[in-house]
Amino acid sequence: MESLLGVLNGFAALAEPMTFVAMVIGFLIGTFFAAVPGLTSALAIALLLPLTYSLDVVVALVMCASIFMAGMYAGSITAITINIPGAPANMMTCLEGSPLMKRGLGAKALGHAALGSMVGGVIGALLLMFVAPLMVKLALLIRTPGKFSLILFALIVIVIASRKSFAKGTIATVLGVMIATVGIDVMEPVARFTFGIDLFVEGINMMPLIIGTFAISELLIQSERNHHEAVIAEGAEAKIRRRDFLPTLADIREIGLFTYLKSSLIGFLIGVLPGAGGSMAAFVSYAEAMRASRRPEKFGDGSIEGIAAAESANNSMCGGAFVPMLTFGIPGDPTTAIVLGVLVINGLQPGPMLFANQFDLISPMFASLFVSALVLIPLTLFALGPYFIKIVSINKAVLYSGIAVVAVVGGYVATFSIFQMSLTLAFGVIAYFLRKQEYPTVSMLLGFILGPDLELYFRRGLSLEDGNPMIFLTSPDSLVFLVLTVVFFYFFVIRKPKAPVLIKGKIGG
């Protein structure tokens, strides 16, 4: 009862004019940053961080929550319109949305991305409000061996979901893991694989790899395409009405309400696991939707079911990611890591006592997640949807020149390092050649993101049993994920779907 009263007080606090305006401003900032390739919601909150000294703590947290939700949603805009995901969590949306855009169905793709984001965001916020204590207990059941097996499961699912050569997908994933090993060892303060170059000691930052892999490589790919192809793409979206963005009941029935609910639950549960993030939520949910679909052959060629699953999961993850951060002070993803900084700056110490003694300060943040998903996502699409579509009709020389500048500057701003900015260009060229040979660079990127945790939990797991790998088979939580891995491998590699298709209009290959 006290929890319900605290949540209601959070909505009451959100109704105050200054707080509400802060939420709307935060949402618009998050939408802009996520829709511009190279910028992220995490960067937006990082830039907001110095301002929190002068802002009321409730206002600051409300803005952070709305930026977070907007960032997860708005990353799908450029993923669909220009084939460049605004964030890693929108990569699966890119795979399905870009083919629809090329067929003149960009408004339909954006509508389903917004609906999935709305449903996932609302469910994630509700679960955060009412089921957080239970989710904390569930997360505690997954020990070190289980975390290793979960990440291994996610990596194999990523390779399978690419629907390409399993060998090429595996090579790309291993390449990503190898890149992640450059720099300081994950368990010991020792530099490795630096090849005598001091600049490599700091390691390779994620943002240069993301920006290079998607933005720069896409620019190089686009530079090869002729003007006639661009005109076709532009003309396909010449007449757009706002009602075109509304998903039809027939499409929603085709997707199925269960898909929305299942994907949202998957996203929230993965968000609860520290370090998992929206990328893993979107990939696992997408793969599960493909496994359960009655039309798996549509995946990779413009499946609205795939868009709905991925977007429901990554927005639901927003609610889940706050659980470990608020309860243990362990961020669920990079964005909540920065929100943790906002809490600390304002003298709030994460932990059980935060819920007991200062729930009135964090409950407006929960309400902001809910309202942002339920109201601001559909409102933004309805008001600005036609302008989102027109991104594709901008003069290509102007558009891609602008993206190139923002991408390179984004590579620098992320680290304030000329060396890392240079890596942005280098990875762009590498990803370009990988894409030309049809290697899935999505797999490479996720190998890079998840590789350090894979190594960390593997080595920790071995140390628990004096080097005996049987711990991964004897731990119940680990065994569950290993069994799931075998099941997915059997159904999608050994026993392939009857009508497999290669991904057309792909990102990262």
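Biologist: Is Cys 94 buried or exposed?
Modeller: In this predicted model, the relative accessible area of Cys 94 comes to 0%. Because a residue is classed as buried when its relative accessible area is under 20%, Cys 94 is buried.

Biologist: What is the relative accessible area of Cys 318, and how many disulfides does the count give?
Modeller: Cys 318 is also a buried residue, and its relative accessible area is 0%. A disulfide would need a pair of cysteine sulfur atoms within 2.5 Å, and by this rule the number of disulfides in the structure is zero.

Biologist: How many helices and how many strands does the protein have, and what share of its residues is buried?
Modeller: The secondary structure of the protein consists of two strands alongside 22 helices. Of its 509 residues, the share that is buried is 58%.

Biologist: What percentage of the contacts with a separation of 6 or more comes from residues 24 or more positions apart?
Modeller: The question concerns contacts in the protein whose partners have a separation of 6 or more. Among these contacts, the share from residues 24 or more positions apart is 80%.

Biologist: How many aromatic pairs are found, and is the pair of Phe 148 and Phe 472 stacked or tilted?
Modeller: Searching the whole structure gives nine aromatic pairs. For Phe 148 and Phe 472 the ring centres are 4.7 Å apart, with 50° between the planes. Because planes under 30 degrees apart count as stacked and those over 60 as edge-to-face, this pair falls under the remaining description, which is tilted.

Biologist: Which helices does that pair link, Phe 148 being in one and Phe 472 in another?
Modeller: The two residues are 324 residues apart, and the pair joins distant parts of the chain. Phe 148 belongs to residues 144–161 and Phe 472 to residues 471–474, so that the helices are, in that order, α7 and α21.

Biologist: Which residue forms a stacked aromatic pair with Phe 472?
Modeller: The stacked pair has its centres 5.5 Å apart and 10° between the planes. It links helix α20 (residues 441–464) with helix α21, the two residues being 14 residues apart. Phe 472 is buried at 6% relative accessibility, whereas its partner, at 33%, counts as partly exposed. That partner is Phe 458.

Biologist: Which residues form one aromatic cluster?
Modeller: Phe 472 pairs with Phe 148 in the tilted arrangement, and with Phe 458 in the stacked one. The members of the cluster are therefore Phe 148, Phe 458 and Phe 472.

Biologist: How many salt bridges does the count give, and which residue forms one with Arg 459, with N and O atoms 3.0 Å apart?
Modeller: By the distance rule the structure holds nine salt bridges. The partner in question is 274 residues away, in the loop between β1 (183–184) and β2 (191–192), while Arg 459 is in helix α20. Arg 459 is partly exposed at 23% relative accessibility, and the partner, buried at 13%, is Asp 185.

Biologist: Which residues are linked with Arg 459 in a network of salt bridges?
Modeller: Arg 459 also forms a salt bridge with Glu 455, their closest N and O atoms being 2.7 Å apart. These two lie four residues apart in helix α20, about one turn of the helix, and Glu 455 is buried, with a relative accessible area of 19%. The residues that the network links with Arg 459 are Asp 185, Arg 192 and Glu 455.

Terms used. Residues numbered from 1 in each chain as written. Predicted model: local features only at pLDDT ≥ 70, side-chain atom pairs only at ≥ 80, totals over all residues. Heavy atoms only, no water. Buried < 20%, exposed > 50% of the residue type's maximum accessible area, 1.4 Å probe, protein only. Contact = heavy atoms within 4.5 Å. Phe/Tyr/Trp six-rings, centres within 6.5 Å; stacked < 30°, edge-to-face > 60°. Salt bridge = Lys/Arg side-chain N within 4 Å of Asp/Glu carboxyl O.
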